[in-house]
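Open the model in your viewer and keep the sequence panel beside it. This tour tells you what to select at each stop and what is there.

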Amino acid sequence: MEKSRKRWRSDFKTAAKHRETDWYDPEYDRILIEQSIAKQYGVLPSQQEELSYSDWYKMVGGLMEDTPLGQVVGVRSEKDKERLKHFSPAQRRIRAEWTHFIGRKKNCPEQKAAQQQQLASLQMALAEMFKPQ
C-alpha cells in the first residue's frame, strides 16, 4: 500500500512540471476559451461573464482535446519530431505565433522589472546571511 502511495506522489510531482497552463494564456486565448466552453459545456459566450472565476477555471481545466483550445494546445505542445515534420502550414503558424507571444511576454519590461526586483531581494538576503559578524 505504501509503495503505490509514493508512486502516486511522484507521478503527481512530475505532472505538475508540465501544467496545461503552460500551453495557453487566458487573455491571449480568450476567444478560443469562450468557443471551447460553448462547445463542450453549452454555455454561450454571453452567459460566460456570469460564471464565477472558480467555475470558469474548472471548466477551462476540463476542456477536452476536441475543443478549439484543445486542438491548438495539442499543436503548441507537440514534441514528436516525426509528427512536427508533417505539420500543415496552419499548424506551423500556430506554433510560431505562440513562440513569438511567449518570447514577447518573457521580455516585456514589467517582467524584467519583476525579475530584477527578485534578484535584488535574493542578493540582499544572501549578503545578510554571509556578512561577517
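Contact here means heavy atoms within 4.5 Å. This is a predicted model: local features need pLDDT of at least 70, side-chain atom pairs count only at pLDDT 80 or more, and totals for chains, interfaces and linings use all residues. Residues are numbered from 1 along each chain as its sequence is written, and side-chain values use heavy atoms, with hydrogens and water left out.

**Stop 1: the whole chain**

Show the chain as a cartoon. It has eight helices and zero strands. Helices (H or I, at least four residues) and strands (E, at least two) are DSSP runs, numbered from the N terminus. The order along the sequence is α-α-α-α-α-α-α-α.

Switch on the surface. The chain exposes about 10900 Å², and carbon and sulfur atoms supply 56% of that area. Accessible areas come from the Shrake-Rupley method with a 1.4 Å probe; for residues, only the protein chains shown count as cover. Of the 133 residues in the chain, 18% are buried. Buried means under 20% relative accessible area, exposed over 50%, and partly exposed in between (1.4 Å probe, protein chains only).

Now consider the contacts with a separation of 6 or more. Residues 24 or more positions apart account for 48% of them.

**Stop 2: R76**

Select R76, in helix α5 (residues 68-77). Is R76 buried or exposed? R76 has a relative accessible area of 6%, so it counts as buried. Which residues does R76 contact, leaving aside neighbours within four places in sequence? Show W23, Y24, Y28, D29, I94, R95 and W98 as sticks.

**Stop 3: W23**

Move to W23, one of the contacts of R76. W23 sits in the loop between α1 (2-17) and α2. W23 counts as partly exposed, because its relative accessibility is 23%. Beyond its neighbours within four places in sequence, W23 is in contact with V73, R76, S77, K79 and W98.

Add I102 and draw a distance. The C-alpha atoms of W23 and I102 are separated by 9.6 Å, with their positions 79 residues apart along the chain.

**Stop 4: the rings**

Select W98 and F101. Both lie in helix α7 (residues 89-106), three residues apart, about one turn of the helix. W98 is buried, at 5% relative accessibility. F101 is buried too, at 12%.

A pair of aromatic rings is described by the distance of the centres and the angle of the planes. Rings of Phe, Tyr and Trp (its six-membered ring) pair if their centres lie within 6.5 Å; planes under 30 degrees apart count as stacked, over 60 as edge-to-face and the rest as tilted. By this rule there are five aromatic pairs. W98 and F101 make one that is tilted, 5.4 Å centre to centre with 35° between the planes. Add Y28 to the selection: ring pairs link Y28, W98 and F101 into a cluster.

**Stop 5: α5 against α7**

Color α5 and α7. Their axes are 9 Å apart and pack at an angle of about 75°. That makes α5 roughly perpendicular to α7. Axes are lines fitted to C-alpha atoms, for helices over the stretch in contact, and angles run from 0 to 180 degrees between N-to-C directions. Angles under 35 degrees count as roughly parallel, over 145 as roughly antiparallel, 65 to 115 as roughly perpendicular and the rest as oblique.

Show the side chains at this contact. V72, V75, R76 and S77 in α5 meet Q91, I94, R95 and W98 in α7. By class, this contact of α5 with α7 has four nonpolar, two polar and two charged residues. Ala, Val, Leu, Ile, Met, Phe, Trp, Tyr, Cys and Pro count as nonpolar, Asp, Glu, Lys and Arg as charged, and the others, Gly among them, as polar.

**Stop 6: α2 and its partners**

Keep α5 and add α2. The two axes come within 7 Å and cross at roughly 125°. α2 and α5 are therefore oblique to each other. Here L32, I33, Q35, S36 and K39 in α2 meet P68, L69 and V72 in α5. This contact of α2 with α5 divides into five nonpolar, two polar and one charged.

Swap α5 for α4. Helix α2 (residues 30-41) and helix α4 (residues 53-61) pack at about 80°, with axes 10 Å apart. α2 is thus roughly perpendicular to α4. Select I33, I37 and Y41 in α2, which meet W56, K58, M59 and V60 in α4. The contact of α2 with α4 has six nonpolar, no polar and one charged residues.
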